[in-house]
Amino acid sequence: MTDSDAVDEHGILDRITDAFFALNATWRFVYVNEQAERMLDRDGEGLLGRVIWDMFPETAHTPFPTQFHHAMDEQVPVAFETFYNPLETWFEVRAYPSDDGLSVYLRDITERKRQESEANQHAAIVEAVHDGVITVDDENEITYVNRAIEATFGVPRERLVGKNVSSLPRIATIDEDSAEAVDDALESLHSGESRERRLEVTFEMADGATRVGEIRMVPIPGANTDSVTGVIRDVSERHEYERVVTSLHDVTRHLYKAETPEEICAVTVHTASELLGLPISGVWLLDEERDFLDPVAATAGAHDLIDGLPRFRQNEGLIWDVFHSGDSALYSDLKEVDGKYNPDTPIRSELIVPIGSHGILMTGARTVDAFDERDRELAEILAASTELELDRAEHERLLSQRESAISQQTDRLTVLETVLGSRADTRIEDAMATLEDADLPDGVRDQLRSDLAVAERLVDDAAELSTGKASLGSRSFVDVSDAAAAAGENVVEDDSIAVDDLSLTIAEDASLRADRDRLVRLFETLFRWSEDGTKAEGRIGLLAEAEARSVADGGYPSGFYVERVDATALDDASALTDPDADPVGPAIAREFAHAHGWKFAVARTDDGTLRFEISDITTLETDAA
């Protein structure tokens, strides 16, 4: 019987899954099973009868020689793991000695080692990240937490691992509502109803501070059990930032109630101190006449630190640099900054934010690095709100001044109307009476009578225009042709107008929503423009779409035109192309148009005909429609 037969008399060792070989007392292979041959004798040279150290000299730098000799010398079994470089394989080795040799079992554990390496790397990463990581099993028992969890909850991991998540309110002071939300999320994930859950939990730190954590929970891929891992991120600062931003928008209401720039700035510095935590703050506004930035409002902390806030003249200090640039500036240590207003200032950190063209919001601190980008962003939001309200206050001031000027002008025009309506009318009536009694040739008498009628009408027109009597009454749908015809009859019957006959041509009829009396008056002022002729001709028609767009900027949806084609009107109407020189008649027509919300323009056609265009009439409806 050979040595190999003696080792495996029944072929049992060939059927085991591990590689197995046997060495005699001189370290020669006396048996190698099939798994060992495939693993160790890859070139097929044969191992039986050969010395292991000759066949595998690289083992000299591995635990194999030391461990095998120890097993034989001491007659004790050994077990170890090692990497064999020529085969690029990790082995788990177990060796059992006897009086005449050594039985060795080998197992390829390369894949296991790779997984362990990856797991160790992942574990190192998990331990290093700032986010907390927690793992629970299918019974909701905590099986793992990383160091960040300890810092987040302020509880050592030994008090967490092995506990059920239901104990978190007691151990980690998570509030009851948050704990119930975690239980619901775990149930949903364990059952497969959800593949991911996100929620926020509120908990109390060991120092009593309340924090907010955002948890993302997912099942562990490839896990044999329904384990779930959760990543917890402390979002307390984000929550606080969002709260402050929301509060800053609410501050706008308080700013809006302030009426003067001083009141607005007072609200601003109060907000900077109480809401943003900037107790040393002030606002300087630009005095354009004297060209300096004047302190308008400041916190108590600013007054306590600086006895008398300075007035910054042009290019004095950093404040002017920021104001001119329009960009905020954050100075971490003023001692390292050149160009400051006061070289001996007790302020070490400073944040300066422009308030548009109005001025500056400035805040300071006694310590270095007191402000960060979050402080800058919040201060910029506050400054932007302040700028809007200062713009509003300035607009309201100018509007008040304008209303006051308009009121004074209206009072003067009322006086003018009184003079024109009473004294001028009285004088004209006296002149008329004197004219009738005077011994004058008939031709002269008729001419003077006509002149006085014209003067009377001009006085009435001037009074109507100056006192804004274009205001509208009730509106209704009015037929354009009917209003034009009524206006024509009024013009012919008016003794003050030398128009014995008015021929109207209406190219297309339409209706629109208007104050009928004012629309008739509009047509009258345009029809009576000629003063010298005894016969006049007018045309009315709808503006084509292309014409409507060309009348003025932007184009109009619809409108109509009025043309005067009597020759005498052409020579006298050149001033109509100058809006500032409009005669009284067209000026009144324009007021009536504007009162309705319409556009009014004067033009000449290609053949030289005078043309008035009224457009942007949204209610105009043609008969064809």
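A residue counts as buried here when its relative accessible area is under 20%. By that yardstick, in this predicted model, helix H16 is mostly covered, with 9 of its 12 residues buried. The buried residues are Leu519, Val520, Arg521, Leu522, Phe523, Glu524, Thr525, Leu526 and Phe527. H16 covers residues 516-527, and at 1.5 Å a residue it should span 16 Å; its end C-alpha atoms sit 17 Å apart, which agrees. At the N-terminal end, Asp515 acts as the cap, with a side-chain oxygen 3.2 Å from the backbone nitrogen of Asp517.

Turning to the pockets, the largest has a volume of about 440 Å³. Its lining has 14 residues, and Pro261, Leu285, Leu286, His358 and Glu394 are the closest to the centre. Helix H10, strand S11, strand S12 and helix H13 each give two or more residues to this lining, and H13 gives the most, with 4. By class, the lining has 6 nonpolar, 2 polar and 6 charged residues.

His358 belongs to the loop between strands S15 and S16. At a relative accessible area of 17%, His358 falls under the 20% cut-off and so is buried. Leaving aside residues up to four places away in sequence, His358 touches Trp284, Leu285, Leu286, Phe323, Glu387, Leu390 and Asp391.

The second largest pocket comes in at about 370 Å³. It is lined by 26 residues, with Ile306, Phe312, Ile347, Glu350 and Met362 nearest its centre. S11, helix H12, S15 and S16 each supply at least two residues of that lining, which divides into 16 nonpolar, 8 polar and 2 charged residues.

Terms used:
Residues are numbered from 1 along each chain as its sequence is written. This is a predicted model: local features need pLDDT of at least 70, side-chain atom pairs count only at pLDDT 80 or more; totals for chains, interfaces and linings use all residues. Side-chain values use heavy atoms; hydrogens and water are left out. The expected span of a helix is 1.5 Å times one less than its number of residues. Buried means under 20% relative accessible area, exposed over 50%, partly exposed in between (1.4 Å probe, protein chains only). A polar contact is a pair of N or O atoms within 3.5 Å; within protein, one must be able to donate a hydrogen and the other to accept it, and residues adjacent in sequence count only if both atoms are side-chain atoms. Contact means heavy atoms within 4.5 Å. On a 1 Å grid over the protein atoms alone, a cavity is a set of points where a 1.4 Å probe fits but cannot get out, and a pocket is an open set with protein on both sides within 12 Å along at least five of seven lines; lining residues have an atom within 4 Å of a point. Grid points are joined across faces, edges and corners, and a volume is the space filled by probe spheres set on the points. Ala, Val, Leu, Ile, Met, Phe, Trp, Tyr, Cys and Pro count as nonpolar, Asp, Glu, Lys and Arg as charged, and the others, Gly among them, as polar.
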